[in-house]
Amino acid sequence: MEPNAFTTLKNSFYNILGYTWPIIFSIFITPFIVFGLGVKDYGIYIFINTILSLMGLLDLGLATATVKHIAEYHSRQEEGNLKRFLYSMNSIFLIIGLIGFLLLFTANYWVGFFYLNQAANYPDLQIIFTLAGAIFLISSLSGIFTITPNALQRYDVSTKIGIVYTTITSLGLVLIVWFGYKLPAIFLWQLVLAIANLFTSLYFSHKLLPVVKLSFVWDWPEIIKAYKFGLMVFLSNMSGSLLTYLDRLIIPIFLGPSQLTYYSLPGNIATKVPGVSNNLSGVIFPITVGLNSTNNQEKIQKLYQRSFRLLLIISCAICFSIVFLADKIMLNWLNADFAKQSTNVLIILALTNLLLAMSGPLANFLLALNRPKFLAIINVLMALI
C-alpha cells in the first residue's frame with residue numbers, strides 16, 4: 001500500500017471515529033436532556049448553540065486557510081515562515097474571540113428585539129449569553145492548537161482528544177440535568193471544559209510541532225496571504241452555514257422555541273448524511289495540499305475519483321435508511337409526540353442533506369488546489385435558492 005493511501009485510510013478511520021463517537025452518546029443522552037430540560041428550554045439551548053456556531057463565521061475562512069498554510073510550510077520545511085504565520089494567526093484568533101464575546105455579552109438586547117417573548121423574558125438569558133461568549137473566546141484562543149494535528153495529518157491525536165472531551169461533556173450534562181440544574185449550569189460546564197481543552201490541545205500540538213505556542217505577533221504579509229484564501233472560503237462557509245442554521249434562527253421567531261425542538265432533533269439526524277461525507281473527505285484536504293505543492297496531479301486525480309465513488313455509496317445508504325425508517329426512528333428514540341410532529345421533517349431534511357453531501361469531496365479538493373472561487377459561487381447560489 002502506498003504511503004499516501006495508508007495515511008488516507010488511517011486518517012479516515014480516526015476522523016469517522018471522532019465523528020461517530022458523539023453520535024453514540026447523543027443517541028442515549030439526548031432524550032434524557034430533552035425531557036429533563038423540557039421542550040421549551042431545550043429549544044432555547046439549541047438556539048443559543050446555533051448562534052455560537054454562526055459566530056464561527058467571524059474568522060472569515062481563516063481556520064481553513066490556517067490548515068492549508070501549516071501543511072504547506074511544514075511540507076516545505078519553512079520554519080521561519082511557519083512561526084510568523086502561527087503567531088500572527090494567534091493574534092487574529094484572539095481578536096475574533098474578543099469580538100464574539102462582546103456580541104454574545106450584548107446578545108440579550110438584540111435577541112430580545114428579534115426573538116420571541118418566551119426567550120426574551122427568560123430570567124437567566126444574560127448569564128447564559130455571557131457564558132456562551134466566554135466559551136467562544138476560549139475556543140478562538142484554541143484555534144491554532146486544535147487545527148495543528150489535522151494540518152499535520154495526525155487525526156489520531158485530535159480524535160483521541162475529541163473522544164475524551166465528548167465523553168466528559170456528555171456525562172457532565174447527564175449529571176447536571178439529573179440533579180435538576182438548568183441552562184446556566186450547562187453552559188458553565190462547557191466553559192470549564194473549553195478551558196481544559198485549550199491547555200490540552202496546546203500541550204499535544206507543541207509535542208507534534210515544537211514551534212507551536214501561545215505567542216502573538218503581527219506579520220501583515222502572512223495575515224493578508226491567509227485572508228486572500230480565507231475570504232473565498234468564508235463565502236462558501238457562510239452559504240453552507242445559512243443552509244444549516246438559518247432555519248433554526250427563523251423558526252423560533254415565528255413559532256417559538258418549542259417548535260425549534262421538534263425541528264432541530266430530526267435535523268440533527270438528517271445532517272449526519274453530509275456529516276459523514278464531510279468528515280471522511282476532510283482528511284483529503286491536507287493530503288491534497290501536500291500533493292499539489294509537489295505538483296503530483298496524477299495522484300490527486302486518483303484520490304478524488306476513488307473518494308467520490310466511496311462517499312456517494314455511503315451517503316445514499318445512510319440517507320435512504322433514514323427515509324424508510326423515519327417514523328420508527330423518531331418513535332423509538334423519543335416518543336409518539338415527536339414521531340407525529342417530526343417524521344415528515346426528517347424525510348425532507350434527509351433528502352436535502354443528501355444533495356449537500358455530494359459537495360463534500362469537491363469542496364475539499366477545490367480548496368486544496370487553491371481554487372475556492374468556483375466553490376464559493378456555487379454555494380452562494382445554493383444558499384440564495
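How are helices α12 and α17 oriented to each other? In this predicted model, the axes of α12 (residues 257-270) and α17 (residues 336-357) come within 8 Å and cross at roughly 45°. That angle lies outside the ranges for roughly parallel, antiparallel or perpendicular pairs, so α12 and α17 end up oblique to each other. As for handedness, α12 and α17 make a right-handed crossing. On the α12 side, the residues that take part are Q259, T261, Y262, Y263, L265, P266, G267, I269 and A270. Facing them in α17 are D337, F338, Q341, S342, V345, L346, L349, A350 and N353. Sorted by character, the residues of this α12–α17 contact come out as 11 nonpolar, six polar and one charged.

Stepping back to the overall fold, the protein has 19 helices and zero strands. Of its 385 residues, 50% are buried. Contacts between residues far apart in sequence are well represented: taking the contacts with a separation of 6 or more, 85% link residues 24 or more positions apart.

A second helix pair worth a look is α2 with α4. Here the axes sit 11 Å apart and the packing angle is about 150°. With the cut-off for roughly antiparallel set at over 145 degrees, α2 therefore counts as roughly antiparallel to α4. The crossing of α2 past α4 is right-handed. I51, L52 and M55 are the α2 residues in this contact, and G100, L103 and L104 are their counterparts in α4. The tally for the α2–α4 contact is five nonpolar, one polar and no charged.

Now for the interior. In soluble globular proteins, nonpolar side chains tend to be buried together. Here, the largest nonpolar core has 82 residues, and I48 and L86 are the ones with the most contacts inside it. The biggest contribution to this core comes from helix α7 (residues 125-141), which supplies 10 residues. There is also a second, separate core, made of six residues, with L291, I300, L303 and L369 among them. Back in the largest core, and setting aside neighbours within four places in sequence, I48 touches L125, I128, F129, A132 and F187.

F129 turns up again in the surroundings of F105, a residue of helix α4 (residues 79-105). Apart from neighbours within four places in sequence, F105 is in contact with Q126, F129 and T130. The C-alpha atoms of F105 and F129 are separated by 5.7 Å, although the two residues are 24 positions apart along the chain. F105 has a relative accessibility of 38%, so this phenylalanine counts as partly exposed.

Finally, a couple of backbone oddities show up in the loops. L60 is found in the loop between α2 (39-55) and α3 (62-76). Its phi is near 55°, a positive value in a residue other than glycine. L60 has a relative accessible area of 29% and is therefore partly exposed. Further along, the loop between α3 and α4 holds Q77. This glutamine, again not a glycine, has a positive phi of about 60°. At a relative accessible area of 72%, Q77 is exposed.

Methods:
Residues numbered from 1 in each chain as written. Predicted model: local features only at pLDDT ≥ 70, side-chain atom pairs only at ≥ 80, totals over all residues. Heavy atoms only, no water. Core = buried A, V, L, I, M, F, W, Y, C linked by side-chain atoms within 4.5 Å. Buried < 20%, exposed > 50% of the residue type's maximum accessible area, 1.4 Å probe, protein only. Helix = DSSP H or I, 4+ residues; strand = E, 2+ residues; numbered from the N terminus. Contact = heavy atoms within 4.5 Å. Axes fitted to C-alpha atoms, helices over the stretch in contact; angles between N-to-C directions. Parallel < 35°, antiparallel > 145°, perpendicular 65-115°, else oblique. Left-handed = near helix turned anticlockwise from the far one by under 90°. Nonpolar A, V, L, I, M, F, W, Y, C, P; charged D, E, K, R; others polar.
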